[in-house]
Amino acid sequence: MRLLPANSTATLIAIVTAALVSLGVVMVYSASGARAGLEERPSESIVDVETGLSHERVYHHSASYFGKQVSGAIVGFLLLVAIVRMPPEWIERSAPWIMLASLILMVLVVATPLGVTVKGARRWLRLGPIVLQPAEFAKIGLVVFMAHFLTSRRDQIQDFLRGFLPTMAIWCVFAGLVVLQKDLGTIILMGAVMLGMWLMARMRLSHLGLLVAASIPVLIYLIFQHTYRIKRILAVFNPDEYAMTYAYQLNQSLIAIGSGGLFGRGLGDGLQKYHFLSEAHTDFIFAIVCEELGFIGAASVVLLFLALAVLGCRVAFRAPDYFGSLVAGGLTMMLCCAAFINFFVVTGMAPTKGLALPFFTYGRSSMMASLISIGIILNIANYTAISRGGGRGPS
């Protein structure tokens, strides 16, 4: 197995990924400087306008977020290289253990003191000096294990009892743990990814239709379970009424986007990051891209994700085996669907939801998980290039 991509598709994926990571860490530096402050200052207690919950805001050195993001990118790249060099069959053999490890970490978040709660959401795990967001890695584990399971039951996948129900049981275990973390965005994202994988695996449309019908009331219940979720939906349609509360982030985001114009204010010269757009370096970083790099810069980011989607699908449909096809397709959908949901949220086309923009949103877990996903896709692409077999994916 080669260290570098062995074919043109893999090479293009590597180039697109490098461009996304490079631009992402630069934008984190630009967007986070104002929030971090010019020097270390004591933490202050603030109250979230949406949930009413208080939490601590801690100020750091102006480059602290950038340094952490770069460290996440370096570790992620090392993991990517290690995965690319692995024998392709190792991924499938390790699928059950990857999923088990992911579930254990998620249980530790919700059931032990190691879990960390921020703004009412318990999604982080503190292991000494290391803070991880296990759901980011569990998403990869779910895709890999689901591909392994669908492959092992390929001849039974259209059977309700032996194919459909066990598949749903796996999904429900993952979704249940995410519900306990109050992470509705991840449930919606991974629900869409799983549906795409099940369609690739050619599950019965009648079974999937039943699943979608059953999921609608569950989703409605989860939305009405918390008032702030309802208000976020209403804020999309009537932002003026919620201008200082649930639509505040959206309004500030739209101001940033509108002020960027065609070419932007210039890298580092954006204004909304100066405590107007409070999540400028995380979920709303794309608004800062629009403000500082303008329509041209924002369109370039969108086109890079579109290119990644096309290239990832190409790997999936050219994979020489069923498992590789499902994994490449699932991980590509996971990355690109997350990106476009984030675009919709930032531009006011969807309710505000805490869903990271891969390679851009501040967070070492998100960055490492994104690069691990690319490493697996590249591994499959390289295996396709050296394989003597053919194959066009699931059939």
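This short talk covers one enclosed cavity and one buried threonine in a predicted model.

Let's start with empty space. Rolling a probe the size of a water molecule over the atoms shows where such space is left. How many cavities of 30 Å³ or more does a search of the whole structure find? The search finds 1. The volume of this largest cavity is about 110 Å³.

Now the walls. Three elements each give two or more residues to the lining of the largest cavity. They are helix H4, running 134-152, helix H11, running 322-346, and helix H12, running 364-386. Which one gives the most? H12 does, with 4 residues.

In total, 13 residues line the cavity. Look for Glu-136, Lys-139, Leu-335, Pro-358 and Ser-370, which lie nearest its centre. What about chemistry? The lining has 8 nonpolar residues. Another 3 are polar, and 2 are charged.

Next, the threonine. Find Thr-332 in helix H11. Is Thr-332 buried or exposed? Its relative accessible area is 4%. The cut-off for buried is under 20%, so Thr-332 counts as buried.

Where does its side chain go? The side chain of Thr-332 reaches the backbone oxygen of Ala-328, at 2.7 Å.

Then look at the residues around it. Leave out anything up to four places away in sequence. Thr-332 then touches Leu-308, Ala-309, Gly-312, Cys-313 and Ile-377.

To recap: the search gives 1 cavity, H12 gives the most to its lining, and Thr-332 in H11 is buried.

Methods. Residues numbered from 1 in each chain as written. Predicted model: local features only at pLDDT ≥ 70, side-chain atom pairs only at ≥ 80, totals over all residues. Heavy atoms only, no water. 1 Å grid on protein atoms, 1.4 Å probe; cavity = no way out; pocket = protein on both sides within 12 Å on 5 of 7 lines; lining within 4 Å. Points joined across faces, edges and corners; volume = space filled by probe spheres on them. Nonpolar A, V, L, I, M, F, W, Y, C, P; charged D, E, K, R; others polar. Buried < 20%, exposed > 50% of the residue type's maximum accessible area, 1.4 Å probe, protein only. Polar contact = N/O pair within 3.5 Å; in protein donor to acceptor, adjacent residues only side chain to side chain. Contact = heavy atoms within 4.5 Å.
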